[in-house]
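Here's a quick back-and-forth on how the labels get assigned. Take a look at the structure first.

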4 protein chains.
Amino acid sequence: MEYDEKRCDDIQICYIGGGSQGWAWKLMSDLYLEEAISGTIRLYDIDMEAARANEAIGNRLFAYEGAKSKWNFITASSLAEGLTGADFVIISILPAGFEEMRSDVHEPEAYGIWQSVGDTVGPGGIFRALRTIPMYEVIASAVKTYCPKAWVINYTNPMSVCTGALYRIFPGIKAFGCCHEVFGAQRLLLMAIREELGIEEDDRHKLRTNVAGINHFTWITEASYQKMDLFPIYARFVEKHYKEGICDKVTDFHFMSQNKVKFDLFRRYGVIAAAGDRHLAEFVPEYLKNPETVETWGYALTPVDYRIDNKRELNEKSRAYASGEMPIPIEPSGEEGVAQMKALLGLGEIVTNVNLPNKGQLEAPHEIVVETNALFSRDSVKPVMAGALPDSVKLLMGRHMQNQEMILKAALERDTQLAFGAFLNDPITARLNLKQAKELFSRMFENTRQYLPDYESIR
Amino acid sequence: MEYDEKRCDDIQICYIGGGSQGWAWKLMSDLYLEEAISGTIRLYDIDMEAARANEAIGNRLFAYEGAKSKWNFITASSLAEGLTGADFVIISILPAGFEEMRSDVHEPEAYGIWQSVGDTVGPGGIFRALRTIPMYEVIASAVKTYCPKAWVINYTNPMSVCTGALYRIFPGIKAFGCCHEVFGAQRLLLMAIREELGIEEDDRHKLRTNVAGINHFTWITEASYQKMDLFPIYARFVEKHYKEGICDKVTDFHFMSQNKVKFDLFRRYGVIAAAGDRHLAEFVPEYLKNPETVETWGYALTPVDYRIDNKRELNEKSRAYASGEMPIPIEPSGEEGVAQMKALLGLGEIVTNVNLPNKGQLEAPHEIVVETNALFSRDSVKPVMAGALPDSVKLLMGRHMQNQEMILKAALERDTQLAFGAFLNDPITARLNLKQAKELFSRMFENTRQYLPDYESIR
Amino acid sequence: MEYDEKRCDDIQICYIGGGSQGWAWKLMSDLYLEEAISGTIRLYDIDMEAARANEAIGNRLFAYEGAKSKWNFITASSLAEGLTGADFVIISILPAGFEEMRSDVHEPEAYGIWQSVGDTVGPGGIFRALRTIPMYEVIASAVKTYCPKAWVINYTNPMSVCTGALYRIFPGIKAFGCCHEVFGAQRLLLMAIREELGIEEDDRHKLRTNVAGINHFTWITEASYQKMDLFPIYARFVEKHYKEGICDKVTDFHFMSQNKVKFDLFRRYGVIAAAGDRHLAEFVPEYLKNPETVETWGYALTPVDYRIDNKRELNEKSRAYASGEMPIPIEPSGEEGVAQMKALLGLGEIVTNVNLPNKGQLEAPHEIVVETNALFSRDSVKPVMAGALPDSVKLLMGRHMQNQEMILKAALERDTQLAFGAFLNDPITARLNLKQAKELFSRMFENTRQYLPDYESIR
Amino acid sequence: MEYDEKRCDDIQICYIGGGSQGWAWKLMSDLYLEEAISGTIRLYDIDMEAARANEAIGNRLFAYEGAKSKWNFITASSLAEGLTGADFVIISILPAGFEEMRSDVHEPEAYGIWQSVGDTVGPGGIFRALRTIPMYEVIASAVKTYCPKAWVINYTNPMSVCTGALYRIFPGIKAFGCCHEVFGAQRLLLMAIREELGIEEDDRHKLRTNVAGINHFTWITEASYQKMDLFPIYARFVEKHYKEGICDKVTDFHFMSQNKVKFDLFRRYGVIAAAGDRHLAEFVPEYLKNPETVETWGYALTPVDYRIDNKRELNEKSRAYASGEMPIPIEPSGEEGVAQMKALLGLGEIVTNVNLPNKGQLEAPHEIVVETNALFSRDSVKPVMAGALPDSVKLLMGRHMQNQEMILKAALERDTQLAFGAFLNDPITARLNLKQAKELFSRMFENTRQYLPDYESIR
């Protein structure tokens with residue numbers, strides 16, 4: 001090998017869920033624009049056809065002469081094939097199909113329980129965890145067998161318990177979880193800088209933010225830009241937009257948020273909630289009593305039918321990209337995956353927020369997966385100590401942390417009874433009496449039973 | 001001093017809340033029947049007249065020749081006078097009056113929130129804590145000044161946070177909290193022994209029970225009688241009485257419980273809830289949705305009007321006892337206070353359940369006040385390690401532990417905002433939306449404002 | 001089964017090291033005098049002949065009509081046979097023979113390192129641990145397989161790490177370690193009571209002592225008798241005997257101690273060291289510089305030759321007992337084993353000191369095996385919280401705790417290098433330079449290599 | 001104020017020990033070369049004349065036109081005057097004079113105890129701590145009163161306990177401790193890169209090193225340069241120079257080290273010791289038995305007479321600089337102080353190693369001051385989690401950590417007895433018997449008694 005301090009070639013990436021559309025295409029686009037690394041991406045998916053479509057899309061894309069690097073895409077026919085020799089493993093899977101997701105999100109509505117996303121906490125998050133964790137057990141064991149030294153990047157939700165499952169099964173794993181929700185809060189900070197100071201900064205990497213919390217209920221407790229503390233600036237911005245809200249990006253209606261929940265949380269606790277309002281409200285369901293409350297707070301519930309329509313369009317695009325009818329659009333995704341891989345290869349140190357088992361970086365029980373900043377350098381991810389959160393925020397978060405620990409344990413031990421305990425302890429189910437709760441849990445269990453073969457029904 | 005290994009004389013007890021009727025009279029009765037100790041009881045009460053009444057009652061009682069020991073009762077006109085030279089301090093106070101209690105218990109009813117007792121958790125427990133803890137600060141400081149080596153026995157609710165406050169203000173204090181709720185569960189075990197085995201045991205001290213939890217949400221995780229494990233025996237007893245319930249003692253209707261909540265919790269978690277159903281339901285409010293649910297589960301809500309009537313009767317009795325019209329009834333109270341004091345004096349070792357800051361006796365955050373067994377011997381109370389609770393129980397308890405820590409902190413720092421955080425985190429307020437919650441909190445704050453002079457209103 | 005609350009019959013005890021002479025005979029004698037329990041003792045020993053001798057001795061003994069209970073002794077030909085169906089397992093083994101012990105105790109003398117016992121800490125204790133722990137792995141696995149619910153009582157040294165090994169291999173084991181060294185300190189307290197107060201108490205169970213520490217470096221931090229604090233009484237006793245010392249029992253010269261080390265430690269730290277001086281000095285080797293220092297402090301070094309002679313005599317006795325030439329002497333051993341078993345069977349609750357993994361009973365790292373009081377009741381051993389030790393004692397103890405953790409880890413992982421780290425960290429080897437230390441370690445390793453087959457030599 | 005993102009003006013620095021020569025001049029030189037910041041330095045020293053000399057030197061220096069920024073030096077006549085309004089506080093004091101240092105370093109030699117530096121651990125470090133910590137109490141209180149929001153940078157030894165004392169007295173303090181010893185190990189890594197790879201890198205900031213440990217006993221557990229793991233490269237370098245050693249910088253003989261101790265520790269433990277051999281040997285005194293051992297290991301003992309001579313020269317220089325006879329030499333000091341201050345002002349983020357109370361960044365007891373990397377950004381220092389150290393290193397370090405905790409406690413409580421406990425627990429005093437240890441401790445106590453007015457003699 002010719003040593004070149006500025007680049008790494010022949011990198012082997014195994015992409016589990018390699019038939020994924022959104023995430024896989026973003027990765028392709030980011031790699032297309034990055035000249036420092038090259039190699040092979042092995043796409044593994046239980047839907048092998050989807051993987052093959054991405055193989056075609058990827059290889060066609062990197063045949064363009066504009067590509068700044070050379071990547072080869074192949075479809076792996078087994079986990080073993082995908083993982084053996086991998087330097088990086090990306091996991092981005094959809095556990096089960098839309099019917100299961102429909103049960104997660106909409107079944108509780110009959111009991112007056114509304115969920116804006118349904119993939120993290122609440123009834124939806126719990127059932128999604130119960131069926132995903134067994135899959136993660138398989139993945140973690142395979143990583144241990146085939147590529148124990150690879151870095152594993154998880155994108156699947158529920159983030160905390162999925163990432164946690166990897167470590168429980170293979171404690172020596174080098175895994176972390178990535179989520180872009182914090183970036184939205186950083187975009188808001190850039191908007192505040194523009195509005196309040198008239199400075200046209202649009203690179204969120206120029207901000208310094210201290211991140212503390214759990215995924216989708218993450219907080220920025222310190223923020224600065226150059227020599228300035230951004231908290232007073234953000235406070236003015238919040239007051240100005242408190243009533244009407246303000247969007248930080250263009251989205252479809254069903255993903256819409258005007259950040260009013262975020263602004264209210266800032267008023268209440270003095271720290272910056274750093275996830276979309278649709279996620280935040282699921283942790284603090286006073287904002288999510290019913291569709292009217294949701295409307296008042298200016299965000300949207302995302303129906304599964306919308307996701308199905310969306311998927312149909314994506315399938316169309318996939319066909320068009322794979323066949324060459326349409327070029328895949330190239331634009332920076334805003335994700336950090338490629339930057340993280342570069343840092344891990346020794347191509348520059350970065351600090352960014354990731355999900356890792358707590359070893360003390362957050363004042364919270366150890367081993368629970370938390371989201372804080374971490375220092376990435378060659379073959380090393382070291383969390384940065386996150387400092388304290390306000391007591392009232394700890395109070396809100398403590399319950400969810402406890403729940404996540406128990407959900408993970410319930411899934412690993414296939415203990416349906418304990419899962420039901422977590423279900424009852426979620427703030428969103430508090431409106432149910434015991435009989436209703438049992439009924440709803442049982443219905444959701446039956447709806448998705450196909451993916452829960454090792455679990456017993458609740459007593 | 002003539003050494004007599006079997007007795008201790010000249011003991012000085014300071015009784016704070018010395019005008020108390022129920023508790024003070026029970027103590028008198030127990031001392032009357034106990035020959036090993038004698039001395040002086042200094043009654044201190046902000047209602048000095050009530051203290052004087054007890055002075056009269058006590059001195060009249062111990063003038064009877066049937067008294068097995070000699071106790072002298074005096075009224076102390078200040079904490080300083082009461083505490084100086086005290087060997088023991090008993091605290092049993094009623095923080096504020098019935099109007100405040102009415103606010104604690106009944107104000108939330110307008111918002112669909114029912115409380116069976118209202119003195120431990122929930123809106124009632126929180127407000128009771130907010131006004132009691134400042135009083136406990138005064139007491140702890142006075143103990144530090146006037147009798148730092150005295151043993152302090154707390155009977156006031158909310159037990160956990162009141163006992164905790166003593167330690168936060170004076171970390172060197174030798175205090176513990178006592179509650180008789182566990183004894184009720186032990187009585188049920190005796191009933192089970194009788195029914196299932198035909199053994200007529202009526203001394204609960206013959207049982208061996210391992211106690212673990214927090215006050216009023218305490219659990220028996222192991223129980224034996226002679227060579228027998230009582231769990232299978234209790235399980236049969238529970239199944240037999242699950243539907244109809246069974247009372248473990250004669251009470252007025254408003255204190256009634258048929259133990260159906262306790263039996264249901266046993267079915268759910270496999271361990272024995274060891275407090276009255278009226279208390280238990282406040283921790284797991286699926287049992288306390290509304291008066292109908294309460295009726296279904298076979299226990300009673302205790303209205304404050306009933307307490308007022310009751311108080312009127314007690315006042316009558318007090319007059320009659322003090323004047324000598326009526327003799328005070330002498331019967332063992334079933335409480336452990338006298339036995340504990342004897343053990344602390346070196347007159348025999350005992351093991352019993354008490355409330356103490358967690359130093360590791362329970363798998364739970366340190367410093368939170370927990371209830372476990374402890375070994376009492378001469379000038380020494382050492383908690384017994386309680387072992388593990390089932391995960392589902394930990395989950396239920398964890399939230400209340402966190403809340404109690406925050407309530408204590410909120411009270412010590414007069415932080416109304418944090419108190420409101422705890423209020424929102426209580427499972428019983430989960431049905432409220434944010435606006436309603438704020439409104440209820442504010443009303444309860446205004447109702448009892450006279451006792452909350454140092455706290456600001458919430459924002 | 002006919003229920004008799006006062007007795008338990010058909011108890012199955014497996015005695016590993018069943019050819020033992022001292023301990024096994026003591027147990028026989030104690031059982032002979034105890035009427036509440038009866039059953040079978042299965043003697044397992046790698047020296048099966050020794051086990052058979054004890055079988056003969058035991059059966060002959062219980063044929064006497066004076067026996068208060070009936071016990072049957074049989075020799076088990078395998079661990080499986082001995083353990084299957086056992087209610088209790090006693091472990092009291094001699095790891096390897098006298099030549100290995102000679103290496104443990106005497107090899108270091110060439111380097112100016114003297115050890116009074118050589119079985120707990122220091123070079124001798126470390127090597128004894130390295131060869132014993134692999135045997136304990138076998139035992140713990142067998143218990144897990146054949147009698148996972150049995151109570152396991154360990155008497156083998158080094159106590160802390162042997163007991164710890166059982167839990168590391170089978171975390172669900174119900175094991176504790178017993179040692180009588182604390183009883184000696186209690187005898188001294190009885191002597192103090194006699195001398196200072198003129199009270200003729202000779203039952204150490206009447207004392208209340210709080211025990212805290214690690215085996216053979218255990219401390220009594222509170223002691224009372226009836227209503228009296230024994231600390232001022234002991235302090236006077238110490239001052240009176242500080243210079244000349246005083247023996248608490250009759251022993252052979254080579255086991256002799258005049259308690260002068262114990263008295264000096266009391267002067268220095270204000271708490272009562274509760275092990276024989278021969279053990280204590282090995283933890284604080286300022287008392288063990290050389291034979292002259294030892295003489296000054298009034299205790300003896302125990303040579304292995306003396307043990308060999310002693311063993312010869314025991315063999316003689318064994319023959320005589322087994323053949324019936326001589327009757328086995330019957331007297332209470334003063335050990336607690338039988339009382340502990342009775343309590344575990346539900347025949348009366350006791351509090352006594354035992355060795356258990358730290359779960360918080362001592363302010364020290366968790367999982368290290370510590371010695372504190374525990375409450376024994378039916379099928380339950382719950383440690384009593386031990387409270388704090390003086391800082392200076394913590395400092396002395398901390399180093400040994402750390403070492404024991406590392407020795408256990410080194411043995412479980414067969415990590416000779418780490419064992420050498422512990423060897424260097426022991427206070428007694430501090431006088432060596434690195435070259436000498438390596439040399440001594442290597443010689444001891446070679447001497448006992450036969451029992452260290454899985455370990456590599458040090459680098 | 002005109003906003004300039006690239007600079008900060010009017011910064012107020014209070015320099016306690018402002019008459020210092022080495023450190024103060026280095027700071028002047030670094031500021032001279034730095035254009036981004038300017039302001040005032042208030043020199044406070046109990047030797048006010050020395051402060052005035054530095055005032056003259058500083059003001060003369062910044063009058064040169066080559067100065068890249070403008071700094072004004074003034075002498076503060078009191079702590080209050082120096083601290084009021086300060087943005088930064090630098091502490092670099094010499095506790096007591098050379099006679100006390102002579103006692104620290106040389107008195108133990110009569111007992112066969114040699115110390116190469118004598119300011120960190122061992123008899124010298126302990127006595128230095130005992131007399132410095134009371135001064136630090138005064139400083140911490142003054143910071144709390146006069147500039148509670150200032151950042152405090154400590155340079156005084158013993159680093160760990162001095163920094164710890166600041167936090168014990170004023171828990172809200174924003175302090176950290178800085179030491180350049182790690183930089184030496186980084187220089188060695190650069191040498192290895194040059195020798196092994198032929199790459200001429202001379203900027204240690206290009207290395208990525210993970211730092212873990214306690215001051216002067218710090219370790220590099222991961223090191224990389226660009227895409228390369230430096231551990232195999234360093235291993236080859238160590239083997240090549242193991243026998244002869246190699247110096248990483250030019251020094252006077254009395255500060256000399258050939259890194260042979262460092263190389264040997266690498267062989268033994270596989271991680272890079274990151275302090276000078278003179279410091280390391282004091283933690284592992286097998287390398288410091290006597291002057292011959294020291295010579296073998298290729299480093300020097302630093303006699304106090306040499307420091308006295310050195311001081312004389314510095315006084316000469318001081319006069320010459322102050323009078324303008326000689327220009328103060330301008331060269332980058334290699335220290336990080338100025339870079340740290342810039343980062344804290346918001347002028348660029350850096351990662352560097354500092355000393356802070358452990359909140360979980362190291363697997364070690366909390367609150368002990370540890371040295372790890374930290375992320376510096378605007379008004380924020382957040383430790384980076386350091387990961388695990390090898391068990392054998394933990395074993396060595398554990399004892400010193402425990403000792404430092406006790407020394408700090410002993411000093412804060414003026415508990416000479418506990419200090420003596422730490423003295424005995426230091427590995428370097430292990431060769432003494434109790435009588436000798438007491439004698440040496442007493443002599444050192446008497447020698448420096450003037451600075452220990454609140455401490456009692458040992459018993």
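Q: What makes a residue part of the contact between chain A and chain D, and how many residues does the contact take?
A: Contact means heavy atoms within 4.5 Å. In this predicted model, that gives 31 residues from chain A and 31 residues from chain D. About 2,700 Å² is buried between the two chains, with carbon and sulfur atoms giving 57%. Lys227(A), Arg378(A) and Met385(A) supply 29% of what chain A buries against chain D, more than any other three residues.

Q: How do you know which surface the copies, chain A and chain D, meet through?
A: Compare the two lists: 100% of the interface residues of chain A are also interface residues in chain D, so the copies meet through the same surface.

Q: What makes the relation between chain A and chain D that of a two-fold axis?
A: Two copies of a chain are related by a rotation about an axis and a shift along it. Here chain A goes onto chain D with a rotation of 180° and 0.0 Å of shift along the axis, at RMSD 0.0 Å. That's the relation of a two-fold axis. For chain C on chain D, the superposition likewise takes a rotation of 180° and 0.0 Å of shift along its axis, with RMSD 0.0 Å. The same surface serves both of those copies too, as 100% of the contact residues of chain C recur in chain D.

Q: Why is the pair Glu222(D) and Lys382(A) called a salt bridge?
A: The cut-off is 4 Å between a side-chain nitrogen of Lys or Arg and a carboxyl oxygen of Asp or Glu. The closest N and O atoms of Glu222(D) and Lys382(A) are 2.6 Å apart, so the pair passes the rule. Across the interface of chain A and chain D, the rule finds 4 salt bridges, and there are 16 residue pairs in polar contact. On the chain A side, the elements giving two or more residues are strands E7 (207-214), E8 (217-225), E9 (228-229), E12 (369-377) and E13 (380-383). That side has 12 nonpolar, 8 polar and 11 charged residues.

Q: Why is Asn210(D) called buried or exposed?
A: Buried means under 20% relative accessible area. Asn210(D) comes in at 6%, so buried it is. Asn210(D) sits in strand E7 (residues 207-214) of chain D, and its neighbours by contact include Lys382(A), Trp219(D) and Glu222(D). A polar atom of the Asn210(D) side chain lies 2.9 Å from the backbone oxygen of Ala386(D).

Q: What makes Lys26(A) and Glu335(A) a salt bridge, and where are the two residues?
A: Their closest N and O atoms are 3.6 Å apart, so they fall within the 4 Å cut-off. Lys26(A) is in helix H1 (residues 22-32) and Glu335(A) in the loop between helix H12 (304-323) and helix H13 (337-344) of chain A, 309 residues apart. Lys26(A) is partly exposed at 31%, whereas Glu335(A) is buried at 16%.

Q: How do you know that Lys262(D) and Asp277(D) tie together parts of chain D?
A: First, they form a salt bridge, with the closest N and O atoms 3.2 Å apart. Lys262(D) lies in helix H9 (residues 260-269) and Asp277(D) in helix H10 (residues 277-283), so the pair ties together parts that are 15 residues apart in sequence. Lys262(D), at 3% relative accessibility, counts as buried, and so does Asp277(D) at 0%.

Terms used: Residues numbered from 1 in each chain as written. Chains lettered and ligands numbered in written order. Predicted model: local features only at pLDDT ≥ 70, side-chain atom pairs only at ≥ 80, totals over all residues. Heavy atoms only, no water. Buried area = accessible area lost by both parts, 1.4 Å probe. Polar contact = N/O pair within 3.5 Å; in protein donor to acceptor, adjacent residues only side chain to side chain. Helix = DSSP H or I, 4+ residues; strand = E, 2+ residues; numbered from the N terminus. Nonpolar A, V, L, I, M, F, W, Y, C, P; charged D, E, K, R; others polar. Least-squares fit on C-alpha atoms with pLDDT ≥ 70 in both. Buried < 20%, exposed > 50% of the residue type's maximum accessible area, 1.4 Å probe, protein only. Lists of a residue's contacts leave out its neighbours within four places in sequence.
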